[in-house]
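Colleague: Before I rely on the labels attached to this model, I would like to hear how each of them was earned. Please set every value against its definition as we go.

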Amino acid sequence: MDRDETHTPAVLPRPVVPGRPLPLRVAVPLAVAAGLALLVAFPPYGVWPLAPVGVALLAAAAHRRRLRAGAGLGFLTGVAFFAPLLAWTNLHTGYLPWVLLSLLQAGYLALLGAATAWVSPLADRSRWAWPALTGLLWVGQEALRDRTPFGGFPWGRLAFSQDTSPLLRLAALGGAPLVTFAVALVGGSLVTAVWRGWVTARHTAPADPLGAPSGPGSPQGATAARRWAPVAVPAVVAVALTGGGLLVPVATAGSGATVTVAIVQGNVPRLGLDFNAQRQAVLNNHVDATIELAGRVAAGQQRRPDLVVWPENSSDIDPLRNPTAGARISQAADTIGAPILVGAVLLGPGAGQVRNAGILWRPGTGADMDQLYTKRHPVPFAEYVPLRDVARMVSKQVDLIRSDFVPGSTPGVVRAGPAVLGDVICFEVAYDEVVRDTVTGGAQLLVVQTNNATFNVAEARQQLAMVRLRAVEHGRAALMASTVGVSGFVAPDGRVSDATGFNTREVVVRQLRLDDGRTLATRLGWWPEVALAALAAAALLGAAVLRRRQRVMPG
């Protein structure tokens with residue numbers, strides 16, 4: 001037997017069998033790093049490639065662990081991610097709401113960590129399944145978090161970190177759930193490559209001491225190529241998946257008529273909850289800014305808008321019941337000669353109840369009661385208090401919300417004349433069905449009315465990222481109108497134009513092209529998420545079956 005035949009078995013890799021998880025001294029820092037990587041992927045940082053890196057780090061930390069340990073590592077990731085991401089919630093309400101909300105959201109990542117540990121036998125059985133399992137579990141976790149409790153809180157979905165990524169284009173095919181799946185799939189591919197590289201390095205035999213050939217054409221070279229293929233292939237897949245998003249066609253502009261729209265960002269006298277005590281000043285700011293715009297139009301310095309959009313809470317005085325407030329809005333509409341979509345707080349319908357609404361105010365005729373949208377998804381513990389008696393035992397601050405906002409029952413389809421608007425208010429932009437219902441109802445232009453006066457610029461930019469995804473998802477031009485910023489226009493391909501500064505008074509005007517078409521994502525609706533979440537449930541069930549078989553196997 002010659003020398004090559006004698007030593008060939010020495011360089012063959014050992015069989016890879018399920019082994020131990022990473023040591024806790026390694027897994028714990030990885031879990032914390034995962035949360036921080038996810039955080040930096042979101043605005044205002046916007047380093048979107050770190051989102052799949054964060055996914056990969058958590059997947060590696062929880063792999064092969066017991067359920068309780070997986071949950072604990074997921075919780076660490078959640079705290080490191082959500083606590084700083086949601087820091088804007090403590091600016092004017094104290095630390096308790098921020099801490100409770102952050103811990104609640106971290107609990108869902110604890111479930112994800114446990115689920116990741118649970119499906120480890122499937123990932124070990126087939127290394128190519130690991131990326132798909134990672135993607136499915138993330139979609140399943142977000143589907144649950146987006147709906148529970150009290151209607152859910154979708155802030156921090158992986159999809160919302162990809163506003164400048166090629167993967168954003170996937171929203172046109174399957175909405176936010178498909179983008180989340182793609183991000184997590186890339187992360188799963190990364191962890192597969194790195195984990196396999198670590199295993200391969202551990203099982204690599206030393207070089208042949210007798211100097212046997214090891215080039216590409218030698219047996220050792222061929223063996224090395226086979227050994228490192230499981231590392232290279234997932235890495236290449238991760239890069240290809242990310243770049244492949246650029247191949248998804250999206251509209252750069254609408255295909256219908258053009259409309260000139262003005263966003264009025266009137267600003268508030270000063271930031272904080274006490275801005276409600278200055279309601280008349282806030283209304284006056286928006287009226288005066290609109291009248292100034294009319295002056296520039298009359299002087300030929302600015303194109304006359306077909307529509308003016310004011311933000312949420314631009315009139316916290318009910319203009320339907322307060323003649324002075326109504327007269328001021330009518331003055332603005334008559335002077336500019338265009339309808340104004342006003343964000344207003346309306347009293348009723350019952351005693352102690354209020355509504356957060358967008359109402360169309362027409363020049364010459366005033367409020368159009370047929371074109372009024374009431375926010376369908378009020379924010380729990382911010383706009384209404386569920387289980388008030390129980391919540392009061394946790395914090396008496398709940399009584400700062402004296403009147404509960406009541407939800408509307410119909411989508412925000414507002415027929416403004418020059419355009420059919422899809423109106424959503426503030427946090428509603430995070431909810432898939434609330435936005436989609438306006439498009440299926442005939443909306444040609446997406447409008448997000450928001451009030452960021454009690455938050456900060458980080459929250460505003462996170463919200464604008466959601467608007468960008470919605471524009472691509474439904475192939476519609478969109479805009480965000482804020483009291484203090486950031487306001488701006490978004491093209492159907494997600495590009496932002498005329499973004500305003502924060503805590504400034506500004507008016508921006510732009511021509512937009514409308515569209516009546518429907519993307520694949522619009523037509524499919526929630527079915528991509530249902531399918532992916534169902535597959536996630538099937539993976540959990542499959543892991544249970546495999547675990548039971550492993551327990552009953554002899555030896």
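Colleague: Why is His474 called buried?

Modeller: His474 has a relative accessible area of 1%, and buried means under 20%, against over 50% for exposed and partly exposed in between, with a 1.4 Å probe and protein chains only; His474 is therefore buried. This is a predicted model, in which local features need pLDDT of at least 70 and side-chain atom pairs count only at pLDDT 80 or more, while totals for chains, interfaces and linings use all residues. Residues are numbered from 1 along each chain as its sequence is written, and side-chain values use heavy atoms, with hydrogens and water left out.

Colleague: Where does His474 lie, and which residues does it touch?

Modeller: His474 lies in helix α14, residues 457–474, where a helix is a DSSP run of H or I of at least four residues and a strand a run of E of at least two, both numbered from the N terminus. Leaving aside residues up to four places away in sequence, His474 touches Val435, Arg436, Val439, Gly517, Thr519 and Thr522, contact meaning heavy atoms within 4.5 Å.

Colleague: How many helices and strands are there in the protein chain, and what share of its residues count as buried?

Modeller: The protein chain has 16 helices and 13 strands, and 54% of its 555 residues count as buried. Of the contacts in the chain between residues at least 6 apart in sequence, 72% join residues at least 24 apart.

Colleague: How do you know whether the span of helix α4 agrees with its number of residues?

Modeller: The expected span is 1.5 Å times one less than the number of residues, so the 19 residues of α4 (67–85) should span 27 Å, and the end C-alpha atoms, 26 Å apart, agree with this. The buried residues of α4 include Gly70, Leu73, Gly74, Thr77, Phe81 and Leu85, and the buried residues of this helix pack against α2 (24–41), α3 (50–62), α5 (95–118), α7 and α14.

Colleague: What makes α7 and α16 roughly parallel, antiparallel, perpendicular or oblique to each other?

Modeller: Helix α7 (129–145) and helix α16 (527–552) pack at about 115 degrees, with their axes 8 Å apart. Angles under 35 degrees count as roughly parallel, over 145 as roughly antiparallel, 65 to 115 as roughly perpendicular and the rest as oblique, and α7 and α16 are therefore roughly perpendicular. The contact is made by Leu133, Leu136, Leu137, Val139 and Ala143 of α7, together with residues of α16 that include Glu529, Leu532, Ala536 and Leu540. Eleven residues of this contact are nonpolar, none is polar and one is charged.

Colleague: What is the phi of Asn267, and is this residue buried or exposed?

Modeller: Asn267 has a positive phi of about 70 degrees although it is not a glycine, and with a relative accessible area of 12% Asn267 is buried. Its place is in the loop between β1 (258–265) and α10 (279–298). Asn313, in the loop between β2 (307–309) and α11 (323–336), has a positive phi of about 65 degrees and is likewise buried, with a relative accessible area of 12%.

Colleague: Which omega goes with the peptide bond from Pro43 to Pro44, and which with that from Gly485 to Val486?

Modeller: The peptide bond from Pro43 to Pro44 is cis, with omega near 10 degrees, and Pro44 lies in the loop between α2 and α3. The bond from Gly485 to Val486 is also cis, with omega near 5 degrees, and Val486 lies in the loop between β10 (478–482) and β11 (488–490). Most peptide bonds are trans, and most residues other than glycine have a negative phi.

Note on methods:
Axes fitted to C-alpha atoms, helices over the stretch in contact; angles between N-to-C directions. Nonpolar A, V, L, I, M, F, W, Y, C, P; charged D, E, K, R; others polar.
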